[in-house]
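Colleague: I keep meeting words like "buried" and "perpendicular" in descriptions of proteins. Could you show me how such words are earned?

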Amino acid sequence: MDIASNYTETLEKTIRDLLERQDDLIRTAFTDELTGLGNRGGFTRSLEEIWEQELPVTMAFIDIDNLKHCNDIFGHDEGNRYILQVSLYLKLYMEVDEAAFRLGGDEFAILSTIATEDDLAERLERCRTVLLKNNDAEMPHSFSYGVAHADPALGEAPNRLTNDADHRMYDYKLRHAVHLDRRNIAQAHTDDFEISDRIFDALSMLNEGRYFFIENLDKHRTLWSQGALRDLGLPSEHIDNCHDYWKTRVHPDDLEAYTNDIDQIYDGSKHRHVMQYRVRNAAGDYILGRARGFRIDGDGNVPSLYVGELVNHSLAETVDAATGLGTQRTLINAIDACRRDRCKTGLIAVRVRGTAKFNELYGAEAVDNMLAEYAGRMLSITRGRSRVFRSRNAQFVVLSNNLDHEAFEQLIQHLKEAVFAPVRIADDTITPVCLVVPAFYEHLTNQTAAVLGELDRRIRTAGGLVPNDSLPIPEVERKSAIAERIDPLTGLYRPSVFMRRANEFLETRRNGAWCIATVDMGHMRLFNEWHGQAEGDRMLADVGTVLKDIENANMGVAGYWGQDDFCILIPFEHDTVHQIYSRVRQAVAKYDDGVGFWPSMGVYPIDSNEKITIDAQAKAMFTNRRAKNDFKERIAIFRPEEYEREISFHRTLTEFQYALSNGRITYYLQPQVDMETGEIIGAEALTRWIDKDGSLISPATFIPALEESGFVVTLDKYVWQGVALWLRERINRGLRVVPISLNVSRVDILACDVAEHMGALAAQYNLPPELMRIEITETAYTGESEAVDKLTADLHTRGFSTYIDDFGTGQSTLAMLKNVNVDVIKLDRTFVPDNGDEGRSVQIISSMLEMAQSLHLPVVIEGVETDKQANMLRHMGARYAQGFLYYRPMQAEDFEALLDGGDNN
């Protein structure tokens with residue numbers, strides 16, 4: 001009974017501790033280490049919470065001016081001081097309820113649910129002015145910013161908010177950024193591209209979806225416009241060895257043709273490059289692009305350049321073939337520009353009715369000619385004052401961004417006169433019925449989709465002319481019109497309404513099995529590229545109709561999550577699930593039955609008594625990832641063990657970050673000994689994670705997750721620095737030290753310059769490199785042989801010794817020893833003789849020792865645990881060992897006691 005009580009008390013205390021430290025855990029995981037502000041993860045999380053709560057939000061993007069030049073000229077310490085100074089000034093000009101984040105590098109963001117755009121922009125301008133005035137550094141400190149606003153309750157999207165702020169920030173940078181005096185500060189790579197940074201930035205901002213580039217063919221260095229960084233996810237505006245880098249972005253099916261063509265540009269046999277191919281964007285999806293470029297040959301004084309542009313067909317403006325007007329995509333870009341410029345904006349929708357009947361009577365070509373006539377009339381009325389677009393089928397939109405309200409009213413009247421006049425079609429003169437619906441905004445506050453949705457709603461509800469339209473549109477009317485909870489394209493519920501409706505539906509149907517299923521279209525963006533946005537919208541609308549029939553049949557509830565994602569509540573029955581999937585697939589196949597466009601479905605069974613939350617949809621979406629990769633069975637059922645592995649993976653990373661920040665990540669030292677004398681000749685540093693109760697967490701439970709995520713680099717650098725600091729402190733106290741072996745993983749080798757980092761550590765702590773021995777696993781040698789060969793050569797140049805660790809566990813052979821550039825071999829413990837396999841192990845170790853001795857390579861035997869093993873190894877010529885027979889891994893203070901003459905047991 002006492003044991004049970006103690007266990008319960010311990011469990012309750014643990015739960016209380018976790019609850020009390022919950023805020024600390026979250027704060028650590030989402031905090032930038034340098035500035036103390038939130039990090040990119042914290043920004044994303046905060047933005048998601050704001051959208052879930054449907055709070056109006058104002059956001060600012062801040063970009064530090066010339067930080068790269070500061071790092072290049074004055075060093076990264078000065079660059080970090082620059083970053084810290086900007087972060088401090090931002091904090092000084094923020095309100096209590098606002099949050100600032102460092103997104104990485106030179107980028108910051110601010111989220112405010114209390115400020116207007118004007119208020120936040122005014123404060124940032126004051127902050128920037130004071131920062132410039134009070135700066136005492138060798139180069140001016142400044143930043144550029146862009147501010148945008150969105151209201152989630154109106155169906156506005158966070159990605160449009162971030163895009164608006166990003167555009168405004170780069171527009172500000174172009175007009176106001178502090179530009180360095182090239183006469184006083186040497187600029188890195190100023191002559192590489194023979195163009196002013198300001199001119200290049202200005203050209204880069206002319207067109208959405210068009211990315212300018214200049215490549216110095218002599219230095220293999222490429223300059224890209226900022227839009228390419230944002231839309232394509234390039235790591236920097238300057239790309240070294242772009243020829244090789246770009247091959248990793250081009251679609252595999254297009255790679256051979258691309259390589260053959262571009263190689264001719266590089267070798268000078270061809271000077272003009274025009275090609276269409278698929279390339280990965282920032283989201284990892286392939287978009288269709290068209291590259292056009294020209295090679296300019298240089299001489300000994302000027303470099304050879306390759307100059308051109310890449311057009312992103314998913315974003316770039318297009319022209320309607322029949323009328324010569326801009327399309328819906330062009331209209332969207334134009335409205336976005338008006339919204340960013342915050343100018344008066346007038347929109348007039350003109351819809352020609354009855355075109356379907358005209359197509360039957362006269363044919364499509366005659367109807368196109370009629371619509372072209374209407375386009376010509378509108379252009380004649382608006383030329384020089386407004387722009388005209390063919391937004392869809394028989395609908396036009398006239399956009400004005402430079403007319404006051406009175407002039408806009410006159411434009412409406414002139415348009416009505418033009419479109420109401422008779423028009424010729426084939427040999428007949430007719431007067432079609434036209435709808436003319438205006439909307440005027442002092443300045444646009446809602447995003448483009450909401451603005452066009454409101455315009456469409458007005459046309460749908462007009463049923464004819466709208467003679468008594470009130471302009472400008474009252475704000476309350478606009479918000480009530482946009483804040484519909486039904487998606488107009490698919491006719492399905494938006495997410496928040498879906499959750500409420502689904503729970504209401506289950507309230508009266510507690511019997512039976514139910515599930516939440518998500519439906520995802522295959523490669524929807526590619527579909528839009530191939531067939532057009534309008535065709536893609538029609539397909540999504542048809543899928544929405546199929547799923548809406550579920551509700552009409554009283555079988556469940558359907559919702560639309562945006563993009564190509566749908567969510568449904570349906571009975572968890574095999575036949576029902578497959579029938580619904582089959583109908584969705586048939587709806588898609590009407591447009592294109594290519595395997596790549598097949599939809600996928602993820603199914604998460606639920607308890608009919610539980611409340612449906614976003615968690616159920618998330619689990620169904622997680623399951624859908626498996627279905628998307630299975631072309632035999634495109635329906636996947638939720639597997640708890642898979643989801644738990646995913647959760648465990650992320651939990652491990654979060655707990656690791658907390659443990660690291662709280663000093664619970666450390667290292668133990670396991671001595672290496674001379675078996676002849678028993679003398680300690682070195683030690684290996686082994687990572688240890690101390691749990692909250694003081695126990696040790698097995699490396700096998702966290703190292704794989706850290707390696708998969710790349711955070712093992714963070715761990716290893718932490719341990720390396722800890723060992724270097726320990727060695728320096730021992731030396732400063734005049735105490736004995738021995739060389740310490742530091743483990744280097746395959747991920748370390750691929751992700752960072754290990755030799756450079758080790759050299760920097762040795763210099764920082766003034767350590768002889770002989771005290772830091774670098775252990776590289778055999779799997780790294782065999783898997784990344786070229787990189788490891790380069791690393792060992794660099795380490796030897798800097799004076800470091802290298803070990804090959806765990807030898808014999810991978811693909812290696814004894815013959816491999818002749819080719820590896822190492823100083824010491826560590827034989828894996830699996831080959832140490834034991835009672836069950838002495839003969840074979842002895843032969844292996846004996847052969848290995850003979851080979852190593854012939855190559856003059858010392859060998860350290862790992863895993864020696866008994867006197868019998870030690871005697872046998874010494875008899876075969878082995879001298880150095882590491883194992884429990886001599887010492888277990890121990891804390892640094894216990895190892896110090898050994899070195900200082902303490903207990904040697």
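Modeller: Let us go through this predicted model, one word at a time.

Colleague: Happy to. What makes up the protein chain?

Modeller: The protein chain has 32 helices and 30 strands. Of its 905 residues, 49% count as buried. Among contacts with a separation of 6 or more, 66% are between residues 24 or more positions apart.

Colleague: How do you know how confident the predictor is in the protein chain?

Modeller: We look at pLDDT, which runs from 0 to 100. The average for the protein chain is 82, and 87% of the residues score at least 70. Strand β3 (residues 107-112) has the highest confidence, at 94, while helix α17 (residues 475-482) has the lowest, at a mean of 37.

Colleague: Over which residues does pLDDT stay under 50?

Modeller: One stretch is residues 181-190, with 13 contacts beyond four places in sequence. Another is residues 464-483, with 42 such contacts. Where pLDDT is low, the predicted coordinates should not be read in detail.

Colleague: Now the helices. Why is α22 called roughly perpendicular to α23?

Modeller: Helix α22 (residues 614-628) and helix α23 (residues 640-661) pack at an angle of about 100°, and their axes are 11 Å apart. Angles of 65 to 115 degrees count as roughly perpendicular, so α22 earns that description relative to α23.

Colleague: Which residues meet where α22 packs on α23?

Modeller: From α22 come Asp615, Lys619, Phe622, Arg625 and Arg626, and they meet Glu642, Tyr643 and Glu646 of α23. In this contact, six residues are charged, two are nonpolar and none is polar.

Colleague: What makes strand β18 largely enclosed by the rest of the structure?

Modeller: Buried means under 20% relative accessible area. Five of the six residues of β18 (residues 557-562) are buried, so the strand is largely enclosed.

Colleague: And what do β18 and β19 form?

Modeller: They form a hairpin, with two residues between the strands. β18 and β19 (residues 565-571) pair in the antiparallel sense over five bridges, with Ala558 having Ile568 in β19 as its bridge partner. In the turn, Gln563 has a positive phi of about 55°.

Colleague: In what order do the strands of the four-stranded open sheet run?

Modeller: The order is β2-β3-β1-β4, with antiparallel pairing.

Colleague: Why are β2 and β4 called edge strands?

Modeller: Each of them, β2 (99-104) and β4 (143-150), pairs on one side only. From one strand of the sheet to the next, the twist averages 20°. Five bridges join β2 to β3, and Ala100 has Ile110 in β3 as its bridge partner.

Colleague: Which helix lies across β1, β2, β3 and β4?

Modeller: Helix α5 (residues 76-92) does, running at about 15° to β3. Angles under 35 degrees count as roughly parallel, so by that cut-off α5 is roughly parallel to β3.

Colleague: One last strand. How do you know that both faces of β28 are covered?

Modeller: Look at the two sides of β28 (residues 824-827): Val824 and Lys826 on one, Ile825 and Leu827 on the other, and all are buried.

Colleague: Which strands are joined to β28?

Modeller: β27 (residues 802-807) is joined to β28 by three bridges, and the two run parallel; Phe807 has Leu827 as its bridge partner. Three bridges also join β28 to β29 (residues 859-862), again in parallel, and there Lys826 stands opposite Val860.

How values were computed
Residues numbered from 1 in each chain as written. Predicted model: local features only at pLDDT ≥ 70, side-chain atom pairs only at ≥ 80, totals over all residues. Heavy atoms only, no water. pLDDT = per-residue confidence, 0-100. Contact = heavy atoms within 4.5 Å. Axes fitted to C-alpha atoms, helices over the stretch in contact; angles between N-to-C directions. Parallel < 35°, antiparallel > 145°, perpendicular 65-115°, else oblique. Nonpolar A, V, L, I, M, F, W, Y, C, P; charged D, E, K, R; others polar. Buried < 20%, exposed > 50% of the residue type's maximum accessible area, 1.4 Å probe, protein only. Pairing = 2+ DSSP bridges.
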